[in-house]
Amino acid sequence: GLFDRDARFGRSGTPRDAIFADLAQRMNARGHTAVRYDRRGVRYGVPPAEMLDNAIAGTSTTTSQREDLAAVYDWSRARDGLNARCIVFVAHSEGLLHVARLAASGAHAPNGVIAIGGLLESPSSVVRWQMTGRDVYSLHLMDVDHDGRVTNAEVEANLGETPSSFADTAAPFLQPDGAWSAEEIAQVEQVQTTLYEQARTEALAQDDNAPYPNATISMARYSWWKSWFTDDTPTAQLLARWRIPMIFHYGSKDSQTNYARQREAAGDLFGNRATFIEHPHRGHSLGDHALFGPMDETLADQIASEASATCGA
């Protein structure tokens, strides 16, 4: 996604909030080089207020993201670059989409891919689920007695194990009369679908080259954000161009990429080359939180060891 090389995406206040930096140390300890890079427009190692060069960051598009990854990959393979003998892509979330687009471009296949909360359905379907389906899905998970009603007691007891817990508040899920009926749960999706359509219309009305989200904080061109409403190509179809070993890790309460949906999108495209793992009580970054890290230490070590094993070490 739109991060620097460290992928600081946690709230523990410790160095382990930097998910990629933490993984890199674990890979280094196993004798491997970890190649990380900043997205366009990032000034690394400066105060947060100085981190973005808006003029450069605002040029980022889906094409440039793939091209930047290709440049790093080419350097890693080149004799006058890193001259790596074995390369494994480790991608988090949207990062897998960049890897898949690289695969679809005809790039030389690496030795393996390891994904953490990786996107395998299409960009448009995942955003639609996040905006219209996630809360309904979570409400059904909270119905632990399967009676079609979700009481406030069930919400308070079970919200933490659902994707919707990423917001850190139960307030939107507490009903004044004490429970959700099946009809009320269905209405949630109807209302959110209307809001989704409004957001989609507003996004598509913007010029492709306009800064996203605005000129003050320019993260990318608007064409990047618009692609999340228009790109209906399953990521799995692009990634399957590479016939290599792949490992996909998901948390059971992932707020962004639901395991069952990603598994369905993959179908049998990867044959027996892929391993899918769903981790109980873990979120999008394989930590306790539905969205943020730090990553569970045992799982971080497991991923570092998987990368090492892929390269025969």
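This is a short tour of one structure, taken selection by selection, through a sheet, a helix and some aromatic side chains. The model is a predicted one, which is worth keeping in mind at each stop.

Begin with the strands β1, β2, β7 and β8, which in that order form an open sheet of 4 strands with parallel pairing. The edges of the sheet are β1 (88–92) and β8 (274–279), each of which pairs on one side only, and from one strand to the next the twist averages 10°. Now narrow the selection to residues 112–116 and 246–251, which are the strands β2 and β7, running parallel and joined by 4 bridges. If you pick V113, its bridge partner in β7 is M246.

Next, select residues 123–142, the 20 residues of helix α5, whose first and last C-alpha atoms are 27 Å apart, close to the 28 Å expected at 1.5 Å a residue. Centre the view on G133, where α5 has a kink of about 60°. Then bring back the surrounding residues: 14 of the 20 residues in α5 are buried, so the helix is largely enclosed by the rest of the structure.

For the aromatic side chains, show Y196, Y212, Y222, W224, W225, W228 and F229 together, since ring pairs link these residues into a cluster. Across the whole structure, a search finds 15 aromatic pairs.

Finish with two arginines that lie over tyrosine rings. Select R5 with Y44, where the charged end of R5 sits over the ring at 3.6 Å from its centre, and then R77 with Y73, where R77 lies over the ring face, 5.6 Å from the ring centre.

Technical notes: Residues are numbered from 1 along each chain as its sequence is written. This is a predicted model: local features need pLDDT of at least 70, side-chain atom pairs count only at pLDDT 80 or more; totals for chains, interfaces and linings use all residues. Side-chain values use heavy atoms; hydrogens and water are left out. Helices (H or I, at least four residues) and strands (E, at least two) are DSSP runs, numbered from the N terminus. The expected span of a helix is 1.5 Å times one less than its number of residues. The bend at a residue is the angle between axes fitted to the seven residues ending there and the seven starting there. Buried means under 20% relative accessible area, exposed over 50%, partly exposed in between (1.4 Å probe, protein chains only). Two strands pair if DSSP finds at least two bridges between them. Axes are lines fitted to C-alpha atoms, for helices over the stretch in contact, and angles run from 0 to 180 degrees between N-to-C directions. Rings of Phe, Tyr and Trp (its six-membered ring) pair if their centres lie within 6.5 Å; planes under 30 degrees apart count as stacked, over 60 as edge-to-face and the rest as tilted. A charge sits over a ring if NZ of Lys or CZ of Arg is within 6 Å of the ring centre and within 35 degrees of the ring normal.
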